[in-house]
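Visitor: I would like a close look at a single residue and at what lies around it in this chain. Please start from its contacts and then work outward to the rest of the fold.

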Amino acid sequence: FFQAEDGIRDAQESRGLGDVYKRQVAGVRKLAIASDLKRILQTAGQRAGVNVDVRSGGQDSSTGFTGSDRHNNGHAADVALTLADGTRLNANNPQHLPIIKNFIAEAKAAGATGIGAGNGYMGDNTFHIDNASLYGQGSAGYWGGQLEGGTFRSHNAPGWLRDIMTG
């Protein structure tokens with residue numbers, strides 16, 4: 001199989017559940033994710049039975065910056081979750097939600113410190129996972145919903161995300 005320079009396979013080379021692959025090749029957050037974040041995503045993907053599609057990865061001065069500093073140096077990823085048949089999971093689908101919740105819980109257990117999901121956040125089919133607070137980039141926490149006052153807030157997150165992150 002082909003393995004990219006950063007150790008993450010291209011999407012067409014995904015071999016099965018738990019794979020972490022990337023699709024984004026342009027834009028600001030196109031750099032590789034850090035190896036410890038990759039391990040978090042792989043562990044959570046394997047335990048939840050999904051593949052992890054990194055849609056937005058690292059950023060630095062060579063790419064420019066957008067949004068918060070959580071993505072700096074590859075310590076955050078915006079990901080889509082897919083089943084073995086390629087179905088992209090959506091938090092609004094009652095059959096998908098238990099799988100998404102399991103992935104999020106496993107990501108937290110594996111070391112994720114920041115998670116954004118649900119209530120309209122990134123279309124309910126993309127999820128932010130980071131360990132950036134370990135590197136002084138943002139604080140540990142969770143958030144969801146729509147922008148409020150220029151930022152996403154924890155009180156706009158779905159109850160299930162709050163339960164996972166505070167439990």
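**Val79 and its surroundings**

Guide: Once the neighbours within four places in sequence are set aside, Val79 is in contact (heavy atoms within 4.5 Å) with Leu41, Val52, Asp53, Val54, Arg55, Asn125, Thr126, Phe127 and Ile129. The model is a predicted one, in which local features need pLDDT of at least 70 and side-chain atom pairs count only at pLDDT 80 or more, while totals for chains, interfaces and linings use all residues. Residues are numbered from 1 along each chain as its sequence is written, and side-chain values use heavy atoms, with hydrogens and water left out.

Val79 belongs to the largest nonpolar core (buried Ala, Val, Leu, Ile, Met, Phe, Trp, Tyr and Cys residues joined through side-chain atoms within 4.5 Å), a set of 31 residues in which Val79 is listed with Leu41, Leu81, Phe103, Ile104, Ile129 and Leu161 as having the most contacts inside it. Two or more residues of this core come from each of α1, β3, β4, α2, β6 and α3, where helices (H or I, at least four residues) and strands (E, at least two) are DSSP runs numbered from the N terminus. In soluble globular proteins, nonpolar side chains tend to be buried together.

The wider chain has three helices and eight strands, arranged along the sequence as β-β-α-β-β-α-β-β-β-β-α. Of its 167 residues, 47% count as buried (under 20% relative accessible area with a 1.4 Å probe and protein chains only; exposed is over 50%, partly exposed in between). Among contacts in the chain with a separation of 6 or more, 64% are between residues 24 or more positions apart.

Helix α1, which contributes to the core, also holds Gln42, a partly exposed residue at 24% relative accessibility. Not counting residues up to four places away in sequence, Gln42 touches Gly18 and Val20; the C-alpha atoms of Gln42 and Asp19 are separated by 6.3 Å, although these two residues are 23 apart along the chain.

The count of salt bridges (a side-chain nitrogen of Lys or Arg within 4 Å of a carboxyl oxygen of Asp or Glu) comes to four. In one of them, the side chains of Glu106 and Arg47 meet with an N to O distance of 3.5 Å; because Glu106 lies in helix α2 (residues 97-110) and Arg47 in helix α1 (residues 35-48), this pair ties together parts that are 59 residues apart in sequence. Arg47 itself is exposed, with a relative accessible area of 52%.

Another salt bridge joins the side chains of Arg70 and Asp130 at 2.9 Å, N to O. Arg70 sits in the loop between β3 (51-56) and β4 (76-82), whereas Asp130 is in strand β6 (residues 127-130), so the pair links parts 60 residues apart in sequence. Both Arg70 and Asp130 are buried. A further salt bridge is formed by the side chains of Arg162 and Asp163 at 3.4 Å, N to O, where Arg162 is partly exposed at 41% relative accessibility and Asp163 is partly exposed at 48%.

Arg70 leads on to the largest pocket, whose lining comprises 15 residues, with Ser68, Arg70, Tyr121, Trp143 and Phe152 nearest its centre. The elements giving two or more residues to that lining are β7 (141-148) and β8 (151-153), and the largest share, three residues, comes from β8. A pocket here is an open set of points on a 1 Å grid over the protein atoms alone, where a 1.4 Å probe fits, with protein on both sides within 12 Å along at least five of seven lines, and lining residues have an atom within 4 Å of a point.

The loop between β5 (114-116) and β6 contains Asn119, a residue other than glycine with a positive phi near 55° and partly exposed at 46% relative accessibility. Asp124, in the loop between β5 and β6, likewise has a positive phi, of about 65°, although it is not a glycine, but Asp124 is buried at 7% relative accessibility.

Asn119 is also one of the contacts of Asn156, which, leaving aside neighbours within four places in sequence, touches Gly144, Gly145, Gln146 and Glu148 as well. Asn156 is placed in the loop between β8 and α3 (159-166) and is buried, with a relative accessible area of 19%.
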